[in-house]
Amino acid sequence: MDYKAAFRNAVEQVRAEGRYRVFADLKRHRGDFPLATWTTPEGDERDVVVWCSNDYLGQGQNPVVIEAMHRAIDEAGTGSGGTRNISGTTHYHVELEQELADLHGKEAALLFTSGYVSNEATLATLQKILPGLLVFSDELNHASMIAGIRNGRGAYQVFRHNDLAHLEQLLKAAPADAPKLVAFESVYSMDGDIADLAGTAALAKKYGALTYLDEVHAVGLYGVRGGGVSERDGVADQIDIIEGTLGKAFGVMGGYITGETDLVDAIRSHASGFIFTTSLPPALSAGAVASIRYLKAHNEVRVRHQERAASLKARLTAAGLPVMPSVSHIVPVLVGDPTHCKLVSDMLLSDHGIYVQPINYPTVPRGTERLRFTPTPFHTDAMMDDLTRALERLWAQCNIARLGGQAA
């Protein structure tokens with residue numbers, strides 16, 4: 001077999017569909033977020049404004065977080081020393097898990113190396129611990145949740161996105177004595193919609209099911225202390241497992257779950273994705289603790305963040321640009337074609353100093369390709385005005401449909 005040709009053909013297929021991804025070579029400016037230096041393919045350097053970072057609150061630039069990480073390196077060095085089971089549990093991990101449990105009002109927390117790993121490992125392991133577990137999964141759940149559910153090799157059913165009537169139909173038809181789990185997200189990061197947490201939790205309780213909530217795009221951003229939509233809606237105590245990330249609003253890296261002590265301990269004792277992975281370095285753990293504590297005490301950052309998102313939506317809508325409906329901080333703008341989506345993204349970067357990645361299949365369904373903007377508390381009115389003008393120009397230049405379905 002010609003292995004080289006097979007790999008080349010796999011890449012060429014992606015190119016032919018207009019969804020080949022090119023990584024922009026960026027270096028962020030400490031203390032000057034959201035500005036960064038872009039190194040072009042020709043080796044030139046240009047200043048750009050970053051519009052698609054999941055460091056939603058700029059915590060990766062917060063001096064409090066940076067100082068905590070420096071201090072941890074000075075105190076403990078770099079790596080953790082191994083897996084948590086052998087030599088990789090440090091006081092920084094213990095302190096961080098306590099902080100996370102407190103954030104969500106849970107008894108315990110467990111750290112993972114990423115949000116993807118925490119989802120995949122936990123959802124797969126639950127099916128081993130609970131033989132015959134039937135999982136009910138929202139159709140727009142993240143790839144990591146889908147991977148965990150499938151890797152558990154148990155039975156699962158998919159309910160229509162945020163459709164509680166369909167979920168109840170499936171729950172009602174399931175065997176009454178079977179263990180059950182409803183897996184869903186709070187903020188869905190591509191469309192920016194938010195699930196009915198209270199309604200979902202009530203349904204799960206009615207039919208004897210556990211609830212698993214992915215809050216990765218909500219922790220730090222919602223609730224008076226940053227506990228997520230479950231805190232904002234006052235239902236955290238009704239959710240059995242709350243999963244989150246340290247790599248978005250908290251500005252560092254890592255994932256976690258929170259829940260009752262016995263449940264978390266069972267995952268700790270059985271999940272391969274936890275047992276056999278080197279733990280987070282002390283500096284990352286210390287930075288996460290500092291970031292969480294800071295955001296617990298600074299709700300004004302969340303207020304500013306929501307205002308900035310609303311302001312950008314209003315500007316783009318007033319310009320007639322096809323802003324997709326969103327009740328969260330996510331601002332998706334529909335393009336509807338992978339080639340045009342990448343073209344607009346490339347031209348924004350090269351001609352206007354604006355960095356936003358195209359979102360194409362398989363991240364979103366074909367025909368819904370989009371630009372996904374994530375305004376932060378540090379994006380100014382002037383930056384928003386520059387972005388709006390650039391998009392208006394490119395929508396006309398590329399003849400892309402505006403609101404109402406009409407091309408520019």
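By class, the lining of the largest cavity in this predicted model comprises 4 nonpolar, 6 polar and 1 charged residues. The residues concerned are Arg84, His93, Leu111, Phe112, Thr113, Gly273, Phe274, Thr277, Thr278, Ser279 and Leu280, and the space they enclose amounts to about 80 Å³. Two elements, β4 and α10 (272–275), each contribute at least two residues to this lining. In total, 3 cavities of 30 Å³ or more are counted.

The second largest cavity holds about 40 Å³ of space. Around this second cavity are Asp138, Phe159, Asn162, Leu164, Phe184, Tyr188, Ala195, Asp196 and Thr200, a set that splits into 5 nonpolar, 2 polar and 2 charged residues.

Strand β4, met above as a contributor to the largest cavity, also belongs to an open sheet of 7 strands. The strand order in this sheet is β4-β10-β9-β8-β7-β5-β6, and the pairing is mixed. The edge positions are taken by β4 (108–112) and β6 (155–159); each has a single partner strand, so one side of each is left without a neighbour in the sheet. On average, and with direction ignored, neighbouring strands are turned by 20° against each other. At the β4 edge, 5 bridges link β4 to β10 (residues 255–259) in the antiparallel sense. Within this pair, phenylalanine 112 faces glycine 255 of β10; Phe112 is also listed in the lining of the largest cavity.

Two helices that pack on this sheet can be described here. Helix α6 (residues 164–173) touches β5 (134–138), β6, β7 (180–185) and β8 (209–214), and its direction makes about 155° with that of β6. Helix α9 (residues 261–270) is in contact with β4, β9 (241–245) and β10, with a direction at about 25° to that of β4.

A further set of strand pairs involves β2, β3 and β12. Strands β2 and β3 (residues 45–50) are antiparallel partners joined over 5 bridges, and tryptophan 38 has arginine 46 in β3 as its bridge partner. The hairpin formed by β2 and β3 has 5 residues between the strands, and glycine 43 in this hairpin adopts a positive phi near 95°. Strand β3 also pairs with β12 (residues 354–355), here in the parallel sense and over 2 bridges. In that pairing, valine 49 is matched with isoleucine 354 of β12.

Tryptophan 38 reappears at the second largest pocket, where Val22, Ala24, Trp38, Asp346 and Leu349 lie nearest the centre among the 18 lining residues. The elements giving two or more residues to this lining are β2 (35–39) and α13 (338–352), with α13 providing the largest share, 5 residues. The pocket contains about 270 Å³ of space. Its lining is made up of 9 nonpolar, 5 polar and 4 charged residues.

Helix α13 leads on to another sheet, since α13 lies across β13 and β14 and runs at about 45° to β14. Helix α14 (residues 381–397) packs on this sheet as well, touching β11 and β14, and its direction makes about 180° with that of β14. The sheet is open and consists of 3 strands in the order β11-β14-β13, with antiparallel pairing. Its edges are formed by β11 (331–334) and β13 (358–359), each of which has a single partner strand, so one side of each is left without a neighbour in the sheet. The antiparallel strands β13 and β14 (residues 370–373) are joined by 2 bridges, and proline 358 stands opposite leucine 371 in β14.

Charged side chains complete this description. Side chains of opposite charge can pair when their charged atoms come close. The structure holds 23 salt bridges, one of which joins the side chains of glutamate 67 and arginine 71, with 3.4 Å from N to O. Both residues are part of helix α2 (residues 63–76), where glutamate 67 and arginine 71 are 4 residues apart, about one turn of the helix.

Methods
Residues are numbered from 1 along each chain as its sequence is written. This is a predicted model: local features need pLDDT of at least 70, side-chain atom pairs count only at pLDDT 80 or more; totals for chains, interfaces and linings use all residues. Side-chain values use heavy atoms; hydrogens and water are left out. On a 1 Å grid over the protein atoms alone, a cavity is a set of points where a 1.4 Å probe fits but cannot get out, and a pocket is an open set with protein on both sides within 12 Å along at least five of seven lines; lining residues have an atom within 4 Å of a point. Grid points are joined across faces, edges and corners, and a volume is the space filled by probe spheres set on the points. Ala, Val, Leu, Ile, Met, Phe, Trp, Tyr, Cys and Pro count as nonpolar, Asp, Glu, Lys and Arg as charged, and the others, Gly among them, as polar. Two strands pair if DSSP finds at least two bridges between them. Axes are lines fitted to C-alpha atoms, for helices over the stretch in contact, and angles run from 0 to 180 degrees between N-to-C directions. Contact means heavy atoms within 4.5 Å. A salt bridge is a side-chain nitrogen of Lys or Arg within 4 Å of a carboxyl oxygen of Asp or Glu.
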